[in-house]
Amino acid sequence: MKKGEFLLKRMESKGLNMRQLSRESGVPYTTIRSMIERDLKKAAIENVIAVCQALDVGIDDLTRLDNPGLPENLKGEADYTIKIPIIGVIAAGAEIVAEQNIIGYITESGDGLPSGKLFALRIKGDSMEPTIPNGAIVTIREQCEVENGEIAAVQLNGDTDATLKRVKRQGDMMVLVPDNSKYDPYVVTSDNPARIIGKAVRYSRNL
């Protein structure tokens, strides 16, 4: 199956046409039409990534179409990168990746990254050591819930900054737990509110 045909079938399965996909991905309608007609030949990688994220398609799915005979453990090893915005402040109710919130970018290998909106935070402090060190840049997938025990980026008390904590649930109660035992857990209540803004998926740091 060709890549353009694959994307068209994915659009159909999600109930989208090209104009709707354009709105979802931010890629112009004419660009999407050209990409599909040309089977993605000479398409800008940032447009391919945006379209794939809007369709919940991994780049590795497209790679398999080029290399159908690759062993499973080698599939998805395409040489591509993703530019991820580093967020400085996160105002409550505002779009996280709004231009005014971005203080820089990191470039990450796309291999293994999830679909969806991604952003990055620079960690200040040692509350998540040894799992995540002070100064690390953590890649976050934007989402409002995480599974019990996963690490999430969380806003506390309406602050514009975000903290990284492990989310634990005990019945109806949510507790934000640091991995560093020097720090106390944070119990989320109406008096101590918190808002999950994303799931931590990867971190990097300079040596």
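Helices (H or I, at least four residues) and strands (E, at least two) are DSSP runs, numbered from the N terminus.

The structure is a predicted model, in which local features need pLDDT of at least 70 and side-chain atom pairs count only at pLDDT 80 or more, whereas totals for chains, interfaces and linings use all residues. Residues are numbered from 1 along each chain as its sequence is written, and side-chain values use heavy atoms, with hydrogens and water left out.

**Figure 1. Thr139 and its surroundings in strand β4.**
Thr139 belongs to strand β4, which spans residues 137-142. The relative accessible area of Thr139 is 0%, so this residue counts as buried (buried means under 20% relative accessible area, exposed over 50%, and partly exposed in between, with a 1.4 Å probe and protein chains only). Apart from neighbours within four places in sequence, Thr139 is in contact with Ile84, Ile106, Glu108, Leu113, Phe119, Ala120, Lys199, Ala200, Val201 and Arg202 (contact means heavy atoms within 4.5 Å). Strand β4 is one element of a chain with five helices and nine strands. From the N terminus on, the order of these elements is α-α-α-α-α-β-β-β-β-β-β-β-β-β. Of the 207 residues in the chain, 40% are buried. Among contacts in the chain with a separation of 6 or more, 56% join residues 24 or more positions apart.

**Figure 2. The cis peptide bond before Pro130.**
The bond from Glu129 to Pro130 is cis, and its omega is near 5 degrees. Pro130 is located in the loop that connects β3 (118-122) with β4 (137-142).

**Figure 3. The buried face of helix α2.**
Met18, Leu21, Ser22 and Ser25 are the buried residues of α2. Viewed down the helix axis, these buried residues fall within an arc of 105 degrees, so they line one face of α2 (the arc is that of the directions from the helix axis to the C-beta atoms). An α-helix has 3.6 residues a turn, so residues three or four places apart point the same way. On the other side of α2, the residues Arg19, Arg23 and Glu24 are exposed. The cover over the buried residues of α2 includes α1, α3 and α4.

**Figure 4. The buried face of helix α3.**
In helix α3 (residues 29-37), the buried residues are Ile32, Met35 and Ile36. Looking down the axis of α3, one finds them within an arc of 95 degrees, so they line one face of the helix. Elements that cover these buried residues include α1 (3-13), α2 (18-25) and α4 (45-54).

**Figure 5. The packing of α2 against α3.**
Two packed helices are described by the angle between their axes and the distance between the axes. The axes of α2 and α3 come within 9 Å and cross at roughly 115 degrees (axes are lines fitted to C-alpha atoms, for helices over the stretch in contact, and angles run from 0 to 180 degrees between N-to-C directions). As a result, α2 is roughly perpendicular to α3 (angles under 35 degrees count as roughly parallel, over 145 as roughly antiparallel, 65 to 115 as roughly perpendicular and the rest as oblique). From α2, the residues Met18, Arg19, Leu21, Ser22 and Ser25 meet Tyr29, Ile32, Arg33 and Ile36 of α3.

**Figure 6. The packing of α4 with α2 and with α3.**
The axes of α2 and α4 are 9 Å apart, and the two helices pack at an angle of about 105 degrees; α2 and α4 are therefore roughly perpendicular to each other. Here Leu21, Glu24 and Ser25 of α2 meet Ala50, Val51 and Ala54 of α4. The axes of α3 and α4 come within 11 Å, crossing at roughly 95 degrees. Consequently α3 is roughly perpendicular to α4. In this pair, Thr31, Ile32 and Met35 of α3 meet Asn47, Val48 and Val51 of α4.

**Figure 7. Positive phi values after α3, including that of Asp39.**
Just after α3, Asp39 adopts a positive phi of about 60 degrees. Leu40 is in the loop between α3 and α4, and its phi, near 70 degrees, is a positive value in a residue other than glycine. Lys42 is found in the loop between α3 and α4 and has a positive phi near 65 degrees, again in a residue other than glycine. Leu40 has 11% relative accessibility and therefore counts as buried, whereas Lys42, with a relative accessible area of 87%, is exposed.
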